[in-house]
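Q: Please take a close look at the aromatic rings of this structure and at how they are arranged. I am new to it, so a careful, connected account would help.

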Amino acid sequence: MKAARTLLAIDSSVNLLLGALLVFFPKPLALALGIPVPASAFYPSILGGVLFGVGIALALEYWRPHERLGGLGLGGAIAINLCGGLVLAGWLIGGSMNVPIHGYVLMWALAGFLVIISAVELIVRARNEDDRSS
């Protein structure tokens, strides 16, 4: 069990680090590493947001008080969806993307859906915790 928890901590740390790097996608680092550099950092940063969310979900699982490892569950889904949705919203607000209006509408709908589903999941999770404590 200790080995599994150690692996969970390592996996969480790697996902958090890679996710943070990809969210900001430092082009000089990509060039120095010899990896392909896309014309836009949009896709790498969206992937970074999702990886960062996975890292948070894994950290939540690591710090879970139960003795046995389980799935990421609702808390993990919230972390992943919220990170991906917020990074996408950040791109829509601050990024200079050359996409048609229907592309913006679709991406705003997706970002909104991810944030709303995360909020609903948070409410459901909070209610379930209230039910357990009473």
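A: In this predicted model, tryptophan 63 is a good place to begin: its relative accessible area is 65%, and because exposed means over 50%, tryptophan 63 counts as exposed. Tyrosine 62, at 21% relative accessibility, counts as partly exposed. A pair of aromatic rings is described by the distance of the centres and the angle of the planes. In the whole structure, a search finds 3 aromatic pairs. One of them is formed by phenylalanine 42 and tyrosine 43, whose rings lie 5.0 Å apart from centre to centre with 75° between the planes, an edge-to-face arrangement. For tyrosine 62 and tryptophan 63, the ring centres are 4.8 Å apart and the planes stand at 90°, so this pair is edge-to-face.

Returning to the pair of phenylalanine 42 and tyrosine 43, phenylalanine 42 counts as buried because its relative accessibility is 11%, whereas tyrosine 43, at 65%, counts as exposed. Phe42 and Tyr43 also belong, together with Trp91, to one aromatic cluster.

The setting of these rings includes helix α3, which spans residues 42-62, and the axis of α3 comes within 7 Å of the axis of helix α1, residues 2-24, the two crossing at roughly 155°. Angles over 145 degrees count as roughly antiparallel, and α1 and α3 are therefore roughly antiparallel to each other. The crossing in which α1 passes α3 is left-handed, and the residues of this contact divide into 16 nonpolar, 7 polar and 3 charged.

Conventions:
Residues are numbered from 1 along each chain as its sequence is written. This is a predicted model: local features need pLDDT of at least 70, side-chain atom pairs count only at pLDDT 80 or more; totals for chains, interfaces and linings use all residues. Side-chain values use heavy atoms; hydrogens and water are left out. Rings of Phe, Tyr and Trp (its six-membered ring) pair if their centres lie within 6.5 Å; planes under 30 degrees apart count as stacked, over 60 as edge-to-face and the rest as tilted. Buried means under 20% relative accessible area, exposed over 50%, partly exposed in between (1.4 Å probe, protein chains only). Axes are lines fitted to C-alpha atoms, for helices over the stretch in contact, and angles run from 0 to 180 degrees between N-to-C directions. Helices (H or I, at least four residues) and strands (E, at least two) are DSSP runs, numbered from the N terminus. Angles under 35 degrees count as roughly parallel, over 145 as roughly antiparallel, 65 to 115 as roughly perpendicular and the rest as oblique. A crossing is left-handed if the near helix is turned anticlockwise from the far one by less than a right angle, and right-handed if clockwise. Ala, Val, Leu, Ile, Met, Phe, Trp, Tyr, Cys and Pro count as nonpolar, Asp, Glu, Lys and Arg as charged, and the others, Gly among them, as polar.
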